[in-house]
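Ready to practise reading a protein fold? Take your time with the picture, and try each task before you look at the solution.

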Amino acid sequence: MTSKEIQVKNLSSKGDHLPSHLVQLACRFDSSIEVITEGRRLNAKSLMGILSFPFTENMVITVVANGADEEVAVEAIDTYLH
């Protein structure tokens, strides 16, 4: 299992596309991936789950991945959210 705290930045540059792009990115990996914040655990591969959460600029989330490509998955999501 690999986890990392990530501060969401440049939210305005991602616009309304953040949820769909985040899910598309997560689905590229075989690992299970969760986004944890404010006491909620969201499946990063579930568009409905990600859409239900209002991401805000500078919020801190924890990304947890478990599987063969977990480290690469977490780093890719970190890069996207910066």
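Below are five exercises on this predicted model, each with a worked solution.

**Exercise 1. The sheet**

Task: Find the order of the strands in the open sheet, and work out which strands stand at its edges.

Solution:
- Step 1. Begin with β1, residues 2-7, which is joined to β4 by 6 bridges, with the two strands running antiparallel.
- Step 2. Go on from β4 to β2: these two strands are also antiparallel, and 5 bridges join them.
- Step 3. Put the whole sheet together: its 4 strands follow the order β1-β4-β2-β3, with antiparallel pairing.
- Step 4. Look for strands with a single partner. These are β1 and β3 (40-43), so they stand at the edges, and one side of each has no neighbour in the sheet.
- Step 5. Add the twist, which averages 25° from one strand to the next.

**Exercise 2. Partners across the strands**

Task: Which residue of β4 is the bridge partner of S3, and which one stands opposite I33?

Solution:
- Step 1. Start at S3 and cross to β4, where its bridge partner is V64.
- Step 2. Now come to V64 from another residue: E34 stands opposite V64 in β4.
- Step 3. Move to I33, which stands opposite A65 in β4.
- Step 4. Keep a general pattern in mind as you look at such residues: side chains in a regular strand alternate between the two faces of the sheet.

**Exercise 3. The nonpolar core**

Task: Describe the largest nonpolar core and say which element gives the most to it.

Solution:
- Step 1. Count the members: the core has 24 residues.
- Step 2. Pick out the residues with the most contacts inside the core, namely I33, I50, F55, I61, V63 and I77.
- Step 3. Ask where core residues come from: α2 (18-26), β2 (32-37), β4 (60-66) and α4 (70-81) each supply at least two.
- Step 4. Name the top contributor, which is α2 with 5 residues.
- Step 5. Zoom in on I50. Leaving out residues up to four places away in sequence, I50 touches P19, L22, V23, V35, L42, N43, A44 and F55.
- Step 6. See how α4 is placed: this helix lies across β1, β2 and β4, and runs at about 5° to β1.

A core like this fits a general tendency: in soluble globular proteins, nonpolar side chains tend to be buried together.

**Exercise 4. Rings**

Task: Find the aromatic pair and say how its rings are arranged.

Solution:
- Step 1. The structure holds 1 aromatic pair, formed by F53 and F55.
- Step 2. Their ring centres are 5.4 Å apart, with 80° between the planes. Angles over 60 degrees count as edge-to-face, so that is the label here.
- Step 3. Check burial: F53 has a relative accessible area of 5% and is buried, and F55 is buried too, at 12%.
- Step 4. Visit one more ring, that of Y80: the charged end of K14 sits over this ring, 5.3 Å from its centre.

**Exercise 5. Loop residues**

Task: Is P54 buried or exposed, and where do N10 and N58 lie?

Solution:
- Step 1. Locate P54 in the loop between α3 (47-51) and β4. Its relative accessible area is 56%, so P54 is exposed.
- Step 2. Turn to N10, in the loop between β1 and α1 (11-14). N10 is not a glycine, yet its phi is positive, near 55°.
- Step 3. Finish with N58, found in the loop between α3 and β4. N58 has a positive phi of about 70° and is partly exposed at 41% relative accessibility.

Methods
Residues are numbered from 1 along each chain as its sequence is written. Side-chain values use heavy atoms; hydrogens and water are left out. A nonpolar core is a set of buried Ala, Val, Leu, Ile, Met, Phe, Trp, Tyr and Cys residues joined through side-chain atoms within 4.5 Å. Buried means under 20% relative accessible area, exposed over 50%, partly exposed in between (1.4 Å probe, protein chains only). Contact means heavy atoms within 4.5 Å. Rings of Phe, Tyr and Trp (its six-membered ring) pair if their centres lie within 6.5 Å; planes under 30 degrees apart count as stacked, over 60 as edge-to-face and the rest as tilted. A charge sits over a ring if NZ of Lys or CZ of Arg is within 6 Å of the ring centre and within 35 degrees of the ring normal. Two strands pair if DSSP finds at least two bridges between them. Axes are lines fitted to C-alpha atoms, for helices over the stretch in contact, and angles run from 0 to 180 degrees between N-to-C directions.
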